[in-house]
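User: I would like to work through a protein model step by step. Please show it to me, and then I will ask about its parts.

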Amino acid sequence: MSEPSPSPRPPTELVERLAGADSVAVLTGAGISAESGIPTFRDEDGLWQQYDPSELATMEAFLSQPDVVQDWYAHRRAILEEAGPNDGHRALARLEAMVPSFTCITQNVDNLHQEAGTEHVIELHGNIQRNYCVDCEEEASESVLERLEEGEPARCPDCGGLIRPDVVWFGEALPREAMEAAQAAARSADVFLSVGTSAAVHPAAGLPVTARRRGAYLAEFNVDTTEITDLVDEVVRGPAGETLPGLADALESADSESPNPSGR
Ligand code: BJW
């Protein structure tokens with residue numbers, strides 16, 4: 001069997017900045033999970049090419065066709081059941097262990113950062129595994145979603161309210177605590193990485209901008225250009241499942257060569 005090819009070498013300045021950083025924050029988007037087989041939203045083969053977000057990812061859509069929206073999320077949960085974290089998720093978990101303070105701010109609802117072992121994860125857009133009743137707000141178990149009749153939406157066993165996924169749809173506010181913690185992490189970051197996100201959706205897309213304004217060194221990891229490419233300090237082009245392991249490897253080497261390894 002042939003040796004796995006080495007991960008691409010990251011920019012030297014980024015590695016040096018990370019090695020000297022007290023606080024590192026990362027904003028991730030659907031692109032980091034693409035190599036786990038989970039579709040992104042705005043790429044050529046993304047969900048929004050196939051589906052209209054206004055018919056699936058708004059409260060109005062849910063109230064007019066709750067069974068259709070519930071089905072769509074059940075379909076996406078089924079894709080996730082077959083998936084697991086990839087080398088990109090795992091590299092971020094490695095990075096977390098190498099810096100004094102690390103925050104992974106994710107727009108993803110797939111739980112893959114947690115499954116990869118990252119401890120400090122902020123979920124800005126919720127989590128697709130959780131569901132709750134729109135009336136009594138009680139969390140619903142998975143079994144409630146197994147509908148009794150075709151065309152009948154799943155309802156709360158306690159109050160009869162409709163069950164929705166615990167995700168943030170267009171026009172809805174992000175969870176306040178999560179957004180405040182994300183803003184605090186962006187404001188205090190010495191290095192901020194924007195990974196696998198088009199940076200097209202607000203308010204999440206404002207976080208890298210805030211970080212840079214507050215003095216962070218801002219690097220983008222993406223296969224393509226994004227809304228923020230023009231303002232970043234460094235662009236690392238390529239699939240996150242290859243470029244992030246390269247970064248973690250380089251930081252590990254820098255750390256082992258330093259006079260005071262890993263403690264700093
Ligand atoms: C790779 C790769 C590989 C591929 N390696 N890279 C300011 C200006 C304009 C509009 C607004 C604004 N402020 C608010 C708005 C409105 C709206 C918005 O932003 N609209 C824009 C689209 C114009 N925002 C909202 O409505 C938000 N709410 C809000 O603002 O509320 C205000 C309010 C306050 C108080 C009370 C009430 C209201 C809510 C936004 C919710 C977004 N929800 C979704 C669905 C979540 C649930 C679900 O999963 O079904 O979140 S939409 C979708 O987009 C999902 C994502 O988290 C989000 C971001 O997408 P992401 O992750 O960036 O994915 P893609 O596909 O866009 O990009 C993938 C990237 O990966 C690409 O760049 C690829 O190149 C790259 N890539 N493979 C590395 N292997």
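Analyst: The questions below deal with the sheet, its strands and a pair of helices in this predicted model.

User: In what order do the six strands of the open sheet stand?

Analyst: The pairing in this sheet is parallel. On average, neighbouring strands are turned by 20 degrees against each other, direction ignored. The order of the six strands is β3-β2-β1-β7-β8-β9.

User: Which strands stand at the edges of the sheet?

Analyst: A strand with a single partner has one side left without a neighbour in the sheet, so the edges can be found by looking for such strands. The two that fit are β3 (121-123) and β9 (234-237).

User: Which residue in β3 stands opposite Cys-104?

Analyst: Strand β2 covers residues 101-106 and runs parallel to β3. Three bridges join β2 to β3. Opposite Cys-104 stands Val-121.

User: Is Ser-23 buried or exposed?

Analyst: Ser-23 lies in strand β1, residues 23-28. Its contacts beyond four places in sequence are Ser-101, Ser-188, Ala-189, Asp-190 and Val-191. The cut-off for burial is under 20% relative accessible area. At 12% relative accessibility, Ser-23 therefore counts as buried.

User: How many of the six residues of β8 are buried?

Analyst: In a regular strand the side chains alternate between the two faces of the sheet, so both faces should be checked. On one side of β8, Tyr-217, Ala-219 and Phe-221 are buried, and on the other Leu-218, Glu-220 and Asn-222 are buried. Strand β8 is largely enclosed by the rest of the structure, because the number of its residues that are buried is six of the six.

User: What is the bridge partner of Ser-194 in β8?

Analyst: Strands β7 and β8 run parallel and are joined by five bridges. In β8, the partner of Ser-194 is Glu-220.

User: Is α1 parallel or oblique to α11?

Analyst: Helix α1 (residues 12-19) and helix α11 (residues 240-257) pack with their axes 10 Å apart, at an angle of about 60 degrees. Angles under 35 degrees count as roughly parallel, and 65 to 115 as roughly perpendicular. The angle here fits neither range, so α1 is placed relative to α11 as oblique.

User: How many residues in the contact of α1 with α11 are nonpolar?

Analyst: From α1, the residues that meet the other helix are Leu-14, Val-15, Leu-18 and Ala-19. From α11 they are Leu-247, Ala-250, Leu-251 and Ala-254. No polar and no charged residues take part in this contact, and the nonpolar ones number eight.

Note on methods. Residues are numbered from 1 along each chain as its sequence is written. This is a predicted model: local features need pLDDT of at least 70, side-chain atom pairs count only at pLDDT 80 or more; totals for chains, interfaces and linings use all residues. Side-chain values use heavy atoms; hydrogens and water are left out. Helices (H or I, at least four residues) and strands (E, at least two) are DSSP runs, numbered from the N terminus. Buried means under 20% relative accessible area, exposed over 50%, partly exposed in between (1.4 Å probe, protein chains only). Contact means heavy atoms within 4.5 Å. Axes are lines fitted to C-alpha atoms, for helices over the stretch in contact, and angles run from 0 to 180 degrees between N-to-C directions. Angles under 35 degrees count as roughly parallel, over 145 as roughly antiparallel, 65 to 115 as roughly perpendicular and the rest as oblique. Ala, Val, Leu, Ile, Met, Phe, Trp, Tyr, Cys and Pro count as nonpolar, Asp, Glu, Lys and Arg as charged, and the others, Gly among them, as polar. Two strands pair if DSSP finds at least two bridges between them.
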